[in-house]
Amino acid sequence: MGHQISKDYVREEVELGYEGAVYLNSLAFNRFVSAMTSQIILGTLCAFLMKTRKVWIFSTHMLPLLARLCAAPNSTLLTVNTFSMGLTVAGIALFLLANLFVPYRLARAAYSELLHLEVIELYRLLALGISLWNQFAVPALFSVFWFVLYAVQLCSDVMSASASATYQGIMFFLLTSVSECCATPYSLLGLTFVVSYLALGLLNLCKFYLGGYAAVQNENVMHRGVTEGVTLLLLALQTGLLDMQELQRTFLLSIILFIVLTSTLQSMIEITDPIILALGASRNRSLWKHFRGLSMCLLLLVFPVFMAYKISQFFHMDFWLLILVSSCMLTSLQVRAGYLPVI
């Protein structure tokens with residue numbers, strides 16, 4: 001980039017034909033200051049990324065500008081620019097030659113370490129895989145990738161939305177945008193991590209509302225959003241979501257998200273269960289604690305009914321849809337029969 005900036009500057013100076021001192025011409029001085037500022041910022045950025053204070057190492061591309069400051073002829077500027085590019089190429093070549101055998105030495109050291117190990121236990125390899133997974137931040141990387149993809153797709157759909165698409169409803173519009181972002185395995189994997197993070201946030205919010213900050217610290221492996229993400233991924237792969245057309249993918253994805261949300265509500269019931277039972281057993285008379293428990297129970301009682309109503313409006317009722325709706329209604333019945341009498 002630095003050499004490209006210098007090349008464009010030299011080309012512009014040759015075309016304009018001014019060979020005097022740059023400080024004697026305001027336009028030439030402005031061009032010089034603009035190019036020099038860009039080069040200084042670029043060199044400083046390179047030094048920062050390489051974690052070194054030797055900024056002069058990344059300043060070879062400034063030679064044409066320094067030559068122009070010394071009132072060198074335009075024909076000389078082209079030669080200086082070519083010379084600076086040659087210096088950079090020579091530096092890169094020397095660096096590569098000096099570190100040519102580094103991968104070989106690393107591989108040899110790793111092989112010698114493996115030879116000293118008598119038994120490579122499975123949990124060590126698993127720990128290594130988890131460590132690399134956490135260091136590379138794979139879930140966060142895929143989640144950010146999917147969010148950016150969805151934002152671009154949503155903006156594109158909003159710009160090209162017609163009156164008929166708006167009439168179909170905002171929920172169908174958002175589901176269509178989500179389905180368009182699930183056409184590749186990478187985007188589907190990104191949606192899996194996004195759903196997992198959303199489920200984790202919803203479950204932590206439920207814990208915080210019922211038990212405060214201390215309840216969030218008590219982590220349960222089954223309440224980390226992993227179940228919801230894995231459920232979405234397995235259902236998508238089993239039903240062939242990637243191979244479907246856009247409209248079919250939208251309807252199927254809505255059913256899969258319905259199942260995932262039902263699973264999340266079931267996890268919320270598992271979180272609410274011990275807290276409600278503890279309130280009933282301890283005879284706690286705190287109105288605020290009873291209000292939080294009662295409001296959460298009412299939410300778990302009403303929201304599954306609302307979900308069942310919406311999906312029945314969205315699809316034609318058949319046997320399989322009846323099974324999905326009944327499984328969702330069981331959540332409300334479980335809350336109605338088990339928790340409200342305790343409160």
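The following questions and answers concern a predicted model of one protein.

Q: How many helices and how many strands make up the secondary structure of the protein?
A: The model is a predicted one, and its secondary structure is counted in helices and strands. The count of strands is zero, and the count of helices is 15.

Q: What percentage of the residues of the protein count as buried?
A: A residue counts as buried when its relative accessible area is under 20%. The protein has 343 residues, and the share of them that counts as buried is 31%.

Q: What share of the accessible surface of the protein belongs to carbon and sulfur atoms?
A: The accessible surface of the protein comes to about 21,900 Å². The part of this surface that belongs to carbon and sulfur atoms is 71%.

Q: Among contacts with a separation of 6 or more, what percentage comes from residues 24 or more positions apart?
A: The contacts considered here are those in the protein with a separation of 6 or more. Within that set, residues 24 or more positions apart account for 74%.

Q: How far apart are the end C-alpha atoms of residues 32-50?
A: An unreviewed UniProt entry lists residues 32-50 among its "transmembrane region" annotations. In the model, this stretch is 95% helix and 0% strand. Its end C-alpha atoms are separated by 27 Å.

Q: What percentage of residues 86-104 is helix?
A: Residues 86-104 are also listed as "transmembrane region" in the unreviewed UniProt entry. The end C-alpha atoms of this stretch lie 29 Å apart, and its strand content is 0%. Its helix content is 84%.

Q: Which residues make the nonpolar surface patch of about 590 Å²?
A: One member of the patch, F101, is found in the loop between α4 (74-98) and α5 (102-116). The full set that makes this patch is L94, L97, L100, F101 and Y104.

Q: Which backbone oxygen does the side chain of N99 reach?
A: N99 is found in the loop between α4 and α5. N99 is partly exposed, because its relative accessible area of 33% falls between the limits for buried and exposed. At 2.8 Å, its side chain reaches the backbone oxygen of F95.

Q: Is T176 buried or exposed?
A: T176 lies in helix α9, which covers residues 170-180. Its side chain reaches the backbone oxygen of F172 at 2.7 Å, and, leaving aside neighbours within four places in sequence, T176 is in contact with E246 and T250. Its relative accessible area is 15%, and the cut-off is under 20%, so T176 is buried.

Q: What is the phi of K51?
A: K51 is found in the loop between α2 (26-49) and α3 (63-69), and K51 is exposed, with a relative accessible area of 79%. Most residues other than glycine have a negative phi. K51 is not a glycine, yet its phi is positive, at about 55°.

Q: What distance separates the C-alpha atoms of A47 and I57?
A: A47 is found in helix α2 and counts as buried, because its relative accessibility is 3%. Not counting residues up to four places away in sequence, A47 touches T52, V55 and F58. A47 and I57 are ten residues apart along the chain, and their C-alpha atoms are separated by 8.2 Å.

Q: Which residues does R31 touch, not counting those up to four places away in sequence?
A: R31 has its place in helix α2. R31 is buried, because its relative accessible area of 17% is under 20%. With residues up to four places away not counted, R31 touches Y9, E12, E13 and L16.

Note on methods
Residues are numbered from 1 along each chain as its sequence is written. This is a predicted model: local features need pLDDT of at least 70, side-chain atom pairs count only at pLDDT 80 or more; totals for chains, interfaces and linings use all residues. Side-chain values use heavy atoms; hydrogens and water are left out. Helices (H or I, at least four residues) and strands (E, at least two) are DSSP runs, numbered from the N terminus. Buried means under 20% relative accessible area, exposed over 50%, partly exposed in between (1.4 Å probe, protein chains only). A polar contact is a pair of N or O atoms within 3.5 Å; within protein, one must be able to donate a hydrogen and the other to accept it, and residues adjacent in sequence count only if both atoms are side-chain atoms. Contact means heavy atoms within 4.5 Å. Patches are made of residues with over 30% relative accessible area and no salt bridge: like charges are joined within 9 Å, nonpolar side chains (Val, Leu, Ile, Met, Phe, Trp, Tyr) within 5 Å. Accessible areas come from the Shrake-Rupley method with a 1.4 Å probe; for residues, only the protein chains shown count as cover. A salt bridge is a side-chain nitrogen of Lys or Arg within 4 Å of a carboxyl oxygen of Asp or Glu. UniProt positions are given in the numbering used here, feature names are shortened, and annotations may be inferred rather than shown by experiment.
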